[in-house]
Amino acid sequence: MVRSFFLYSCLAVVILLCGLVQSAFAVDIYAVRVGAHPDKTRIVIELSGTPSCKITHAQNPPRIILDVKNATWQGQAIDLPRKSGIIANIRQQSSETSHRIILQTKQAAAVSKQFYLPANGGANSRYVIDLVSKESKASSAATEEVTPPSRPQKRKYVVVIDPGHGGKDPGAIGKAGTYEKDITLRVGLELRDALVRTGRYEVHLTRSTDVFIPLRDRTRFAHKKNAALFISLHADSAPSQMADGLSVYTLSETASDKEAALLAAKENKADLISGINFQGENKEVSSILIDLVQRETMNMSARFATELVRELSQRVVVREKTHRFAGFMVLKAPDTPAALLEMGYISNPREEYQLRQSQYRARIVAGIVAATNSFFNANTVR
Ligand code: ZN
């Protein structure tokens, strides 16, 4: 699958083919972002699918020219950030057959690394190019990228619902004898039906019966199903019967950084992120890739949480500062946007009663469906 070409010539111009599978499919380019790092300048091109492109180095002034075949620019004007690293200027030209991005550099630059990240969750595909100044290139061996098979477009979004607890683990138990595991399963099934009714989602449940499932297996299941969104359902308990309100959790940055480091150190890292082949990548590159994907995932999770809070606070009582960050195990899949919902306090007799009422659960379900819709709308319409 991977074909890389390095055609060096004695001329001032060096042509480097991306080595991507020649794609007949047209792609849309949504954005070009520049990030300055101490050791490199990273260009991230967001697009709708696998690109086929050519990189040309030119001089006077030094520039790197990206020709993306069959591409149409759908983005805004590119604003160079204040810290734009080695990039002096970016210009674009569109033609019938390709879109050209011209990266004028402050000094002669070389591509130290390039890779492709397939569309994941609600995020676009990304083509990432790292540039270093020519002088420092000696220390950075060029790493060729890997092209995953492109996925069919226009598929339904895969949502995995995770009803918390189950089987031998009842979760919290209310004063009236309500088990958390029963409420989470009930809401899970009702949420599945509501999401399926929209016609937009392919929905899977980590459990649809009263069984015990280890936490790791729940995230593994979501990964296997290629979930674009993971929703874990719980109902909290607190020592005080007065504690009430719904809350939303997503993964915290610190927790996930540690996790990323751990994940990168593990041998089975190839399984972690769909569509990226870590084989032949050194440890550092693997951890950069995991980190990149995980950051994006975390941002998306936070966006989903914002939608959840907005929709649910119009329908039920939510806690103050209801969006919280935590290191829940089920939220730690690096490539799946995820949120954990504590639908209320089962230890609060009023909320225990409410959670047993189908009308009340329907309000929660409607809020989650509305939030899911806006989450995917925001992620696909740019
Ligand atoms: Zn729970």
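How many of the residues of strand E11 (residues 157-163) are buried? Keep that in mind as you look through these close-ups of a predicted model.

**View 1. Strand E11, covered on both faces.** Here's the count: 7 of the 7 residues in E11 are buried, so this strand is mostly covered (buried means under 20% relative accessible area). Look at one side and you'll find Tyr157, Val159, Ile161 and Pro163, all buried. Flip to the other side and Val158, Val160 and Asp162 are buried too.

**View 2. E11 beside strand E12 (residues 201-205).** These two strands run parallel, joined by 5 bridges. To get your bearings, find Val158, which stands opposite Glu202 in E12. Now follow the chain: it leaves E11, passes through H1 and arrives at E12, making a right-handed β-α-β crossover.

**View 3. E11 beside strand E13.** E11 pairs with E13 as well, again in the parallel sense, over 5 bridges. A handy landmark is Val159, whose bridge partner in E13 is Leu229.

**View 4. The zinc ion and its protein donors.** Three side chains reach the zinc ion here: His165 through NE2, Glu180 through OE and His234 through ND1, at 2.0 to 2.1 Å. Along the chain, their spacing reads H-x14-E-x53-H. Glu180 sits in helix H1 (residues 180-197) and His234 in strand E13 (residues 229-236), so to speak two distant parts of the chain, 54 residues apart, linked as a pair. Are these two buried or exposed? Glu180 is buried, and His234 is buried as well.

Key. Residues numbered from 1 in each chain as written. Predicted model: local features only at pLDDT ≥ 70, side-chain atom pairs only at ≥ 80, totals over all residues. Heavy atoms only, no water. Donors = N, O, S within 2.8 Å, 3.2 Å for Na, K, Ca; no water. Helix = DSSP H or I, 4+ residues; strand = E, 2+ residues; numbered from the N terminus. Buried < 20%, exposed > 50% of the residue type's maximum accessible area, 1.4 Å probe, protein only. Pairing = 2+ DSSP bridges. Right-handed = clockwise from strand over helix to strand, strands pointing away.
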